[in-house]
Structures are given as structure tokens and as C-alpha cells.
Amino acid sequence: MAGVQVMPAAVDAAGLRKARVIAAPSGGSGVSTSLFAGDWRRGRARRTSCSVRALRQARSSRSRGGLGIVCNLGGQYEETFDDVQLQLMNYFTYKAVRTVLTQLYEMNPPSYRWFYNFVAVNKPTDGKLFLRALSKERQELAERVMITRLHLYGKWIKKCDHGKMYDKISDENLMLMRERLMETVIWPTDDTNTEKIG
């Protein structure tokens with residue numbers, strides 16, 4: 001990529017450097033374009049998603065004379081799906097808490113009241129932290145939630161049809177794109193069709 005180099009631009013509030021690409025065409029003046037800084041079609045800047053590790057890698061590649069990518073945009077899953085796995089675990093913890101609450105409501109009202117108050121204070125959005133806190137207070141309830149979580153996951157795996165899920169996602173994407181297309185298309189009015197030309 002002749003004529004393209006990465007150089008530091010302004011420093012943002014967190015002290016992280018943003019990257020700027022300077023493109024110099026062979027027969028003219030240099031045109032400055034901010035890398036991942038916004039939507040060039042609309043002319044508005046977007047907040048970049050940068051990580052410290054990506055910045056360090058970019059700095060080291062620049063020192064070797066290479067081109068480095070500074071911004072790490074989320075959603076690129078070449079290596080792992082760790083964030084998806086974490087969300088699933090947290091969701092199954094939440095479902096297990098609801099299931100155990102329902103069971104306790106029917107079978108053991110005093111334990112239900114205690115667990116309900118515990119859940120109100122310690123939200124089960126982060127399953128690992130929630131279960132750690134619960135195991136410090138009441139080990140038997142923590143074990144019950146963990147066993148229920150595992151059981152619910154096993155039940156979901158048996159019922160989940162991955163091909164059907166893929167089709168649902170694909171169909172919904174198509175439907176949303178079709179809706180957006182219908183919103184943006186300017187349809188001719190009936191008056192233009194009935195005019196006589198000639």
C-alpha cells in the first residue's frame with residue numbers, strides 16, 4: 001500500500017491515541033481520512049472501539065515500519081466465541097435462579113423470602129459473581145442453583161435445533177432488510193401513471 005501510513009492523531013479523554021490514515025495519491029495532494037472514526041457518507045464521527053492491547057500492537061508494528069490496525073471492532077469471531085459462551089452461562093444462571101425461586105415459593109416459603117431478598121440485592125446478571133456471593137451465604141442454595149443451571153442447559157441442548165435457529169436468523173435478517181428497502185423506496189404516485197405523454 002504505497003502512500004498510506006498510520007500516524008498518531010489527537011488524544012481522547014482516556015488518553016488513548018487514535019489512528020489516522022494519510023493517503024497521498026500519486027499525482028496530487030494528500031487526503032486525510034480518519035480510520036474508523038465515522039461514517040464518511042454522512043460526515044459524522046462515531047466513537048471508536050479501541051483496546052490497550054491493540055494500541056500496543058499498533059505501536060510496535062509502527063516502530064518496525066509496518067502498518068498496524070489500532071481499532072478492535074467487536075463482533076469479529078475468527079478465534080473464539082467466549083463472549084457468547086459467557087452470555088449463555090449468565091442467562092442459564094438467571095433461568096436457574098427463577099426456577100429455584102419458584103420451587104422455594106411452593107415448598108419452603110421462609111427460604112423463598114430469604115432468597116428473594118438476596119436476589120433483589122445481588123442481581124444474577126453475572127452468574128459467576130452471583131454464585132460466589134450465594135455460596136458464602138448459603139452453600140446449599142448455591143449448589144441447587146448450579147445443578148439447576150446445568151440441568152436447564154442440558155435440556156436446552158436437546159431441544160435446540162441449530163439448523164432451525166440459523167434459518168430463523170436468516171429469515172429475520174431478510175425481513176428487516178426488506179422492510180428497510182420498502183421504507184427507502186419512493187414509489188410513483190397514481191397521477192404520474194395516468195398522464196398522457198405526447
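Which helices are among what covers the buried residues of helix 2? Helix 3 (109-121), helix 4 (127-137) and helix 5 are included in that cover. The legends below describe a predicted model.

**Figure 1. Overview of the predicted protein and its confidence.** The secondary structure comprises seven helices and five strands. Along the sequence these elements follow the pattern β-β-β-β-β-α-α-α-α-α-α-α. Of the 198 residues, 19% count as buried. Among the contacts with a separation of 6 or more, 37% join residues that are 24 or more positions apart. The average pLDDT is 74, and 57% of the residues score at least 70. Residues 1-50 have a pLDDT below 50, and in the model this stretch has 74 contacts beyond near neighbours in sequence.

**Figure 2. Helix 2 and its buried residues.** Helix 2 has 26 residues. From its first C-alpha to its last, helix 2 reaches 37 Å, close to the 38 Å expected at 1.5 Å a residue. The buried residues in helix 2 are N90, F92, T93, A96, V97, V100, L101 and L104. What covers these residues includes helix 3, helix 4 and helix 5.

**Figure 3. Aromatic pairs, with F92 and Y153 in view.** The model holds a count of 10 aromatic pairs. One of them is formed by F92 and Y153, which meet edge-to-face at 5.5 Å centre to centre, with 90 degrees between the planes. F92 lies in helix 2 (residues 82-107) and Y153 in helix 5 (residues 139-159), so the pair ties together parts that are 61 residues apart in sequence. F92 counts as buried because its relative accessibility is 7%, under the 20% limit. Y153, by contrast, is partly exposed, with a relative accessible area of 36%. Another aromatic pair joins Y105 and Y112, again edge-to-face, at 5.1 Å centre to centre and with 75 degrees between the planes. Y105 is exposed at 54% relative accessibility, whereas Y112 is partly exposed at 21%.

**Figure 4. An aromatic cluster, and a charge over a ring.** Y91, F92, Y94, Y153 and W156 form one aromatic cluster. Two members of this cluster, F92 and Y153, make the edge-to-face pair of the preceding figure. In a separate detail, R138 lies over the face of W114, at 4.4 Å from the ring centre.

**Figure 5. Surroundings of T148 in helix 5.** Is T148 buried or exposed? At 11% relative accessibility, T148 counts as buried. Its side chain reaches the backbone oxygen of R144 at 2.7 Å. When neighbours within four places in sequence are set aside, T148 is in contact with A96, T99 and V100. Of these partners, A96 and V100 are listed among the buried residues of helix 2.

**Figure 6. Surroundings of L141 in helix 5.** L141 is buried, with a relative accessible area of 5%. Which residues does L141 contact, leaving aside its neighbours within four places in sequence? The contacts of L141 are V100, L104, W114, F115 and L134. V100 and L104 are buried residues of helix 2, and W114 is the residue whose ring face lies under R138. The C-alpha atoms of L141 and S111 are separated by 9.2 Å, although these residues are 30 residues apart along the chain.

Technical notes. Residues are numbered from 1 along each chain as its sequence is written. This is a predicted model: local features need pLDDT of at least 70, side-chain atom pairs count only at pLDDT 80 or more; totals for chains, interfaces and linings use all residues. Side-chain values use heavy atoms; hydrogens and water are left out. Rings of Phe, Tyr and Trp (its six-membered ring) pair if their centres lie within 6.5 Å; planes under 30 degrees apart count as stacked, over 60 as edge-to-face and the rest as tilted. Helices (H or I, at least four residues) and strands (E, at least two) are DSSP runs, numbered from the N terminus. Buried means under 20% relative accessible area, exposed over 50%, partly exposed in between (1.4 Å probe, protein chains only). A charge sits over a ring if NZ of Lys or CZ of Arg is within 6 Å of the ring centre and within 35 degrees of the ring normal. A polar contact is a pair of N or O atoms within 3.5 Å; within protein, one must be able to donate a hydrogen and the other to accept it, and residues adjacent in sequence count only if both atoms are side-chain atoms. Contact means heavy atoms within 4.5 Å. pLDDT is the predictor's confidence in each residue, from 0 to 100. The expected span of a helix is 1.5 Å times one less than its number of residues.
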